[in-house]
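Student: I should like to go through this structure with you, beginning with the overall fold and ending with individual residues. Could we proceed by question and answer?

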Amino acid sequence: SAAQRSIQGLQSITSSAVSQITSQIGSIGAIGTIVLSIKTASDMEQTKVAFTTLMGSAGAAQMKLDELKKFAASTPFQFTELTSTAKKMLALGTSAEDVVPHMRILGDATSALGGSSEMLDRMVVAFGQMSAKGRVSAQEMNQLAETGLPAWKLLADAMGTSVAKAMDLAEKKAITSAEAIPAIFRGMQDKFKGGMENQSKTIGG
C-alpha cells in the first residue's frame, strides 16, 4: 500500500542518515588519532632537541631517552613525566649517569609517600638548589619537608646527631651540600626502597 511504501521510504532515509553520521564520526575519530600522533611525534622531537642541548650530542640524548623509556616501564610514572623531571635534573647540575639512579631513589620516596610526579619535581628542584648553594639551608630542607620527606631526620641520623643539632649546624652554614645530599639519598634508599614497585601493584598504580 501507499502507507507501507511511505514507511519503507522513511526507514531507508533514516538508515542512510545513520550510516552517514556513523561514517562521519569514524572519520572524526581517525582525524583525532592522526592529530594526536603528530603532536606526540612533535613533542618527542622537541624533547630530543632539549636533551641534545643539555647533553651535548644527539647520540647521548637518544641513549638517555632510551634508558628513561625502559625505566618508565617499571614505574608508576609516565615516560613524558620522567623526561620532564630528567631535564630539570640535568639543568640543575645532575650528571647524566646519575639521573636514573637518583630518579629511582626519589621516585621510590615519592611513591612511598603517596606523591605524584609534581612531588618528584619539587624534590628535584629543592636538591638542585641546595647543590647550587653548596650548603644545607633551612629553605630547601623545609621545601623537602613540605613534600612529606623527613629530610631533617634523614640528615640527622646520617650525621649521628639530633634534628635540633643538625638544624643548628645548618644555620651556622656548617653542613655542605656535598656531604648532606648523598647522606639524605642513602637514608631515602634505606627507608623507601621498592616504593615505586609497591605502588605499581596497587589499583591506582
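**Fold, salt bridges and local environments**

Tutor: The protein chain contains 10 helices and 0 strands. Please bear in mind throughout that this is a predicted model.

Student: In what order do the elements of the protein chain run from the N terminus on?

Tutor: The chain has 0 strands, so every element belongs to the helical class under the DSSP assignment. Read from the N terminus, the order is α-α-α-α-α-α-α-α-α-α.

Student: What percentage of the residues of the protein chain count as buried?

Tutor: A residue counts as buried if its relative accessible area is under 20%. The protein chain has 205 residues, and the share that counts as buried is 32%.

Student: What share of the exposed area do carbon and sulfur atoms supply?

Tutor: The area that the protein chain exposes is about 11800 Å². Of this area, carbon and sulfur atoms supply 57%.

Student: Among contacts between residues at least 6 apart in sequence, what percentage join residues at least 24 apart?

Tutor: A contact requires heavy atoms within 4.5 Å. Among the contacts in the protein chain between residues at least 6 apart in sequence, those joining residues at least 24 apart make up 57%.

Student: How many salt bridges does a search of the whole structure find?

Tutor: The criterion is a side-chain nitrogen of Lys or Arg within 4 Å of a carboxyl oxygen of Asp or Glu. Lys-64 and Glu-67 meet it, with their closest N and O atoms 2.7 Å apart. Searching the whole structure gives a total of 5.

Student: Is Lys-64 buried or exposed?

Tutor: Lys-64 and its partner Glu-67 both lie in helix 2 (residues 58-72), 3 residues apart, about one turn of the helix. Glu-67 has a relative accessible area of 33% and is therefore partly exposed. Lys-64 has a relative accessibility of 7%, which is under the 20% limit, so Lys-64 is buried.

Student: Which residue forms a salt bridge with Asp-121?

Tutor: The closest N and O atoms of this bridge are 3.5 Å apart, and the partner of Asp-121 is Lys-88. The pair links distant parts of the chain, 33 residues apart: Asp-121 is in helix 5 (residues 117-133), and in helix 3 is its partner, Lys-88.

Student: What is the relative accessibility of Lys-88?

Tutor: Asp-121, at the other end of the bridge, is buried, because its relative accessible area is 16%. Lys-88 counts as partly exposed, because its relative accessibility is 30%.

Student: Where do Asp-157 and Lys-153 both lie?

Tutor: Their side chains meet in a salt bridge with an N to O distance of 2.8 Å. Asp-157 is partly exposed at 46% relative accessibility, and Lys-153 is partly exposed with a relative accessible area of 44%. The two residues are 4 residues apart, about one turn of the helix, and both lie in helix 7 (residues 151-159).

Student: Over the ring of which residue does the charged end of Lys-69 sit?

Tutor: Such an arrangement requires NZ of Lys to be within 6 Å of the ring centre and within 35 degrees of the ring normal. For Lys-69, the charged end is 5.4 Å from the centre of the ring of Phe-79.

Student: What is the distance between the C-alpha atoms of Ser-84 and Thr-47?

Tutor: Thr-47 lies in helix 1 (residues 2-55), whereas Ser-84 has its place in helix 3 (residues 79-91). Thr-47 counts as buried because its relative accessibility is 11%, while Ser-84 is partly exposed at 26%. Although they are 37 residues apart along the chain, the separation of their C-alpha atoms is 8.4 Å.

Student: Which residues does Thr-47 touch, not counting residues up to four places away in sequence?

Tutor: A touch here means heavy atoms within 4.5 Å. With residues up to four places away in sequence not counted, Thr-47 touches Leu-65 and Thr-83.

Student: Which residues is Ser-111 in contact with, leaving aside its neighbours within four places in sequence?

Tutor: Ser-111 is placed in helix 4 (residues 99-112) and counts as buried, because its relative accessibility is 8%. Leaving aside neighbours within four places in sequence, its contacts are Pro-76, Phe-77, Gly-195, Met-196 and Gln-199.

Student: What value is phi of Lys-173 near?

Tutor: Most residues other than glycine have a negative phi. Lys-173 is found in the loop between helix 8 (163-171) and helix 9 (177-192), and counts as exposed because its relative accessibility is 57%. Its phi is positive, in a residue other than glycine, and is near 60°.

Terms used
Residues are numbered from 1 along each chain as its sequence is written. This is a predicted model: local features need pLDDT of at least 70, side-chain atom pairs count only at pLDDT 80 or more; totals for chains, interfaces and linings use all residues. Side-chain values use heavy atoms; hydrogens and water are left out. Buried means under 20% relative accessible area, exposed over 50%, partly exposed in between (1.4 Å probe, protein chains only). Accessible areas come from the Shrake-Rupley method with a 1.4 Å probe; for residues, only the protein chains shown count as cover.
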